[in-house]
Amino acid sequence: MKVTLHAHSTWSYDGQWELPAIARLFGRLGVDAVMMTEHDTGFSPDRFDEYRAACAAASTPSCTLVPGIEYSSPDNDIHMLTWGLEHFLSEHRPVMETLEAVTALGGVAVFAHPVRRDAFAQFDPAWVPHLAGIELWNRKSDGLTWGREAAALLHNTGLPATLGCDFHRLKHLYGLSHKVDVTGPTEPALIKALKAGALKPQIFGRPLTLSPTPQTPLHDRLERLRKGVVKRLRG
């Protein structure tokens, strides 16, 4: 099955796409499941219940939407992608409290976009037992190639690598996905696969070789070009 991680809808304060539109878009692209990650800001236990129901209602025979929350630290520097929880924790709580709660409740967590606000420099080795992965490539934060800071963390921790579109709007759409062998795009099956490190990163449908480091010369050149264009536009 083809699975995309890290997407936001209008249930996030900065998302632009409704859940049904996300299911239709990714379904047409051959994605069997999108693991959603709405920001914790503005959520409450009741709203989380409504959100879970909305994900189920918006799912199609082609694409299942798995509800998840991107929990942030009190200073908003550290973000953790979480799935498999049946209730909402709270906004902007200490990272370790979030991770311990996710573990205790049988959920799964991934360290999001290490390059954002230099979050990689604040990484705590004590988090490792509670993490199922680190986001190697985040389309929104890293751009069109993978994060070197994230790669260093993956090497030092031995955690699995994940890829995230960090989809908020159409420009964040990119060929970052995962192949996973599960019997169906059900939430429990995908959570179990994430915990087992069984999601295999792919770029535009091709396996992304991770050892010793990803070899993506075309994407590296595209990212340099993108940065150059952005710099010119801003200047």
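## A walk from a hairpin to a helix

Let's begin at a turn: strand 11 and strand 12 make a hairpin, with 2 residues between them. Within that turn sits Phe204, which has a positive phi of about 50°. Please keep in mind as we go that this is a predicted model.

The two arms of the hairpin, strand 11 and strand 12 (residues 206–207), pair in the antiparallel sense over 2 bridges. One pairing to look for is Gln202, whose bridge partner in strand 12 is Pro207. Strand 11 (residues 200–203) has another antiparallel companion as well: 4 bridges join it to strand 10 (residues 176–179). Here you will find Leu176 standing opposite Ile203 of strand 11.

Stepping back along the chain from strand 10, you come to the loop between strand 9 and strand 10, where Lys171 is found. Is Lys171 buried or exposed? Lys171 has a relative accessible area of 56%, and because the cut-off for exposed is over 50%, this residue counts as exposed. If you would like a sense of scale, the C-alpha atoms of Lys171 and Ser211 are separated by 29 Å, with the two positions 40 residues apart along the chain.

Thr162, in strand 9 (residues 161–167), makes a good contrast to that loop. Its relative accessible area is 3%, and since buried means under 20%, Thr162 is classed as buried. Which residues is Thr162 in contact with, leaving aside its neighbours within four places in sequence? They are Leu5, Val110, Ile134, Glu135, Leu136, Trp137 and His178.

Now let's turn to the helices, starting with helix 3 (residues 95–104), whose buried residues are Val95, Thr98, Leu99, Ala101 and Val102. Why do they lie on the same side of helix 3? They cover an arc of only 165° around the axis, so they share one side of the helix. The general geometry helps here: an α-helix has 3.6 residues a turn, so residues three or four places apart point the same way. The buried residues of helix 3 pack against strand 5 (68–72), strand 6 (79–83) and strand 7 (108–111). After helix 3 comes Gly106, with a positive phi near 80°.

Our last stop is helix 7 (residues 217–234), which holds Leu222. With a relative accessible area of 32%, Leu222 is partly exposed. Leu222 belongs to a nonpolar patch on the surface, formed together with Leu218, Leu225, Val229 and Leu233. Taken together, the residues of this patch have about 480 Å² of accessible area.

Notes
Residues numbered from 1 in each chain as written. Predicted model: local features only at pLDDT ≥ 70, side-chain atom pairs only at ≥ 80, totals over all residues. Heavy atoms only, no water. Pairing = 2+ DSSP bridges. Buried < 20%, exposed > 50% of the residue type's maximum accessible area, 1.4 Å probe, protein only. Contact = heavy atoms within 4.5 Å. Patch = residues over 30% accessible without salt bridge, like charges linked within 9 Å, V, L, I, M, F, W, Y side chains within 5 Å. Areas by Shrake-Rupley, 256 points an atom, 1.4 Å probe, with all protein chains shown as cover. Salt bridge = Lys/Arg side-chain N within 4 Å of Asp/Glu carboxyl O. Arc of directions from axis to C-beta.
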